[in-house]
Amino acid sequence: MRYLAKVAGTGAILLMATACAGQNVPIGQPAAGGTSAAPTGSVSTSPSESVLPASPSANPPGKPRLTVPEGSTPVPPNKIDAKALPAGYPHEVWTANGGTILNIRAQEGGCGHALGEATEQAADHVVVNLSETKAQTGQMCTMDIRYPVLSVALAAPLDQRTVVLRTTPTK
């Protein structure tokens with residue numbers, strides 16, 4: 001009899017947890033009638049929702065995505081200097097917005113997030129530092145590697161300049 005009560009209780013808890021997990025919960029919204037100055041959004045664990053951005057043009061510079069934005073033009077391999085990157089690190093670069101945006105395939109893993117920054121913009125080359133944020137201490141992370149596309153803004157169109165890719169220490 002005790003076993004049956006434990007199984008029924010565990011089943012009820014699992015049923016409540018899965019029922020609550022599938023709901024969209026507004027963030028920053030008061031429960032009933034009040035006002036809130038916090039930004040709004042929603043959280044959902046529904047597997048049917050897409051993880052990809054809604055539209056390719058909605059990605060501002062600095063926000064990683066999984067795919068290259070439509071209309072991007074690949075930078076020729078002879079205009080990419082990736083000698084400073086570790087072995088196996090991707091070195092794919094595209095331009096968009098008339099050459100003022102570089103879309104760069106980066107590498108991140110676990111709880112880290114890839115970052116890209118144009119640190120030098122000379123007449124003949126552009127240096128982009130790629131890095132990854134560090135996970136919080138004591139946080140459990142997966143052992144996966146992802147290859148997001150980062151958008152980096154340039155002061156002037158790339159034109160015939162060479163893109164120099166470098167990695168910097170974890171931030």
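This note goes through the predicted model point by point, from the chain as a whole to its core, its strands and its disulfide.

1. Overall make-up. The model is a predicted one, and the secondary structure of its protein chain amounts to one helix and 12 strands. Followed along the sequence, the pattern is α-β-β-β-β-β-β-β-β-β-β-β-β, which puts the helix ahead of the strands.

2. Burial, surface and contacts. Of the 171 residues in the protein chain, 26% are buried. The accessible surface of the chain is about 11,400 Å², and carbon and sulfur atoms account for 60% of that surface. When contacts between residues at least 6 apart in sequence are considered, 64% of them join residues at least 24 apart.

3. The nonpolar core. A reader new to the structure may wish to begin with the largest nonpolar core, which has 19 residues and in which Val 93, Leu 102, Ile 104, Val 128, Leu 130 and Leu 165 have the most contacts. Two or more residues of this core come from each of the elements β6 (101–105), β9 (125–132), β11 (149–153) and β12 (162–167). The largest share, three residues, is given by β9.

4. Val 93 and its surroundings. Val 93, one of the core residues with the most contacts, belongs to strand β5, which covers residues 93–96. Leaving aside residues up to four places away in sequence, Val 93 touches Thr 73, Pro 74, Val 75, Ile 80, Leu 102, Asn 103, Ile 104, Val 163 and Leu 165. Among these neighbours, Leu 102, Ile 104 and Leu 165 are also listed with the residues that have the most contacts inside the core.

5. The open sheet. Four strands, in the order β3-β5-β6-β11, form an open sheet with antiparallel pairing. Its edge strands are β3 (73–74) and β11, each of which pairs on one side only. Within this sheet, β5 and β6 are paired in the antiparallel sense over four bridges, and Ala 96 has Ile 101 in β6 as its bridge partner.

6. Strand β9 and its partners. Is β9 mostly covered or mostly open? Six of its eight residues are buried, and the strand is therefore described as mostly covered, buried meaning under 20% relative accessible area. Strand β8 (residues 114–121) runs antiparallel to β9 and is joined to it by seven bridges; the two form a hairpin with three residues between them, and Leu 115 has Ser 131 in β9 as its bridge partner. With β12 the direction is parallel, and six bridges make the connection. One of the residue pairs here is Val 128 with its bridge partner Leu 165 in β12, and both of these residues are named with those that have the most contacts inside the largest core.

7. The disulfide. The structure holds one disulfide, which joins Cys 111 to Cys 141 with an S to S distance of 2.1 Å. Because the torsion about its S-S bond is about -115°, the disulfide between Cys 111 and Cys 141 is left-handed. Cys 111 lies in the loop between β7 (108–109) and β8, while Cys 141 lies in the loop between β9 and β10 (145–146), so the pair ties together parts that are 30 residues apart in sequence. As for its exposure, Cys 141 has 31% relative accessibility and therefore counts as partly exposed.

Note on methods: Residues are numbered from 1 along each chain as its sequence is written. This is a predicted model: local features need pLDDT of at least 70, side-chain atom pairs count only at pLDDT 80 or more; totals for chains, interfaces and linings use all residues. Side-chain values use heavy atoms; hydrogens and water are left out. A nonpolar core is a set of buried Ala, Val, Leu, Ile, Met, Phe, Trp, Tyr and Cys residues joined through side-chain atoms within 4.5 Å. Buried means under 20% relative accessible area, exposed over 50%, partly exposed in between (1.4 Å probe, protein chains only). Contact means heavy atoms within 4.5 Å. Two strands pair if DSSP finds at least two bridges between them. A disulfide is a pair of cysteine sulfur atoms within 2.5 Å. Accessible areas come from the Shrake-Rupley method with a 1.4 Å probe; for residues, only the protein chains shown count as cover.
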